[in-house]
Amino acid sequence: MRVIALLMTVSLAGLPSPAGAEGASVSVSPRFATEGSTVLITVRVNPDPSLRALLVEADSPRLFRSSLVQLDGARSARVHTLRLRSLPPGHYAVRVVIDHAEADEDAPPDATLHAKFRIVS
């Protein structure tokens, strides 16, 4: 079992980041929780002069929540954490859009990261 988990970790770590998301990641903790739990969504981004905002969405058939986090370019924090409390049961899809300045020709394109988690009754 440990070998399978290690192989999955190694194979996932080798996936290329979407364009505009080099060094960025999203994680959810816990991935499985009971109704009424608090779920943390952690987004890591490398500070860059073109960074403007993070749009974080959690979506399920029974609930949709989103949050817009303003960023300050190269002075932006590397780690951003959002807490979701009292979520109803369901399968949730997390989408994070990394927004870069449109006027900057050298800015990478906007990028989207994804994660999933589940709340059970």
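This is a short tour of one sheet and one loop residue in a predicted model.

**Stop 1: the sheet.** Select β2, β8, β7, β4 and β5. These five strands make an open sheet, and the list just given follows their order across it. The pairing in this sheet is mixed. Which strands are at the edges? They are β2 (32–34) and β5 (64–70), each of which pairs on one side only. Turn the view to look across the strands: from one strand to the next, the twist averages 20 degrees. As background, strands of a sheet pair through backbone hydrogen bonds, and the pairing is either parallel or antiparallel.

**Stop 2: β4 and β7.** Now select residues 51–59, which are β4, and residues 90–100, which are β7. How many bridges link this pair? There are eight, and the two strands are antiparallel. Pick out L55, which has V97 of β7 opposite. Then pick V56, which faces V96 in β7 as its opposite residue. In a regular strand, side chains alternate between the two faces of the sheet.

**Stop 3: β7 and β8.** Keep β7 and add residues 111–120, which are β8. These strands also run antiparallel, joined by nine bridges. Return to V96: on this side, L113 in β8 stands opposite. V96 therefore has V56 opposite in one direction and L113 in the other, as the sheet order β8-β7-β4 places β7 in the middle.

**Stop 4: S50.** Select S50, in the loop between β3 (39–44) and β4. Is S50 buried or exposed? S50 counts as buried because its relative accessibility is 1%, and the cut-off for buried is under 20%. Finally, show H100: the side chains of S50 and H100 make a polar contact at 3.0 Å.

Technical notes. Residues numbered from 1 in each chain as written. Predicted model: local features only at pLDDT ≥ 70, side-chain atom pairs only at ≥ 80, totals over all residues. Heavy atoms only, no water. Pairing = 2+ DSSP bridges. Helix = DSSP H or I, 4+ residues; strand = E, 2+ residues; numbered from the N terminus. Buried < 20%, exposed > 50% of the residue type's maximum accessible area, 1.4 Å probe, protein only. Polar contact = N/O pair within 3.5 Å; in protein donor to acceptor, adjacent residues only side chain to side chain. Axes fitted to C-alpha atoms, helices over the stretch in contact; angles between N-to-C directions.
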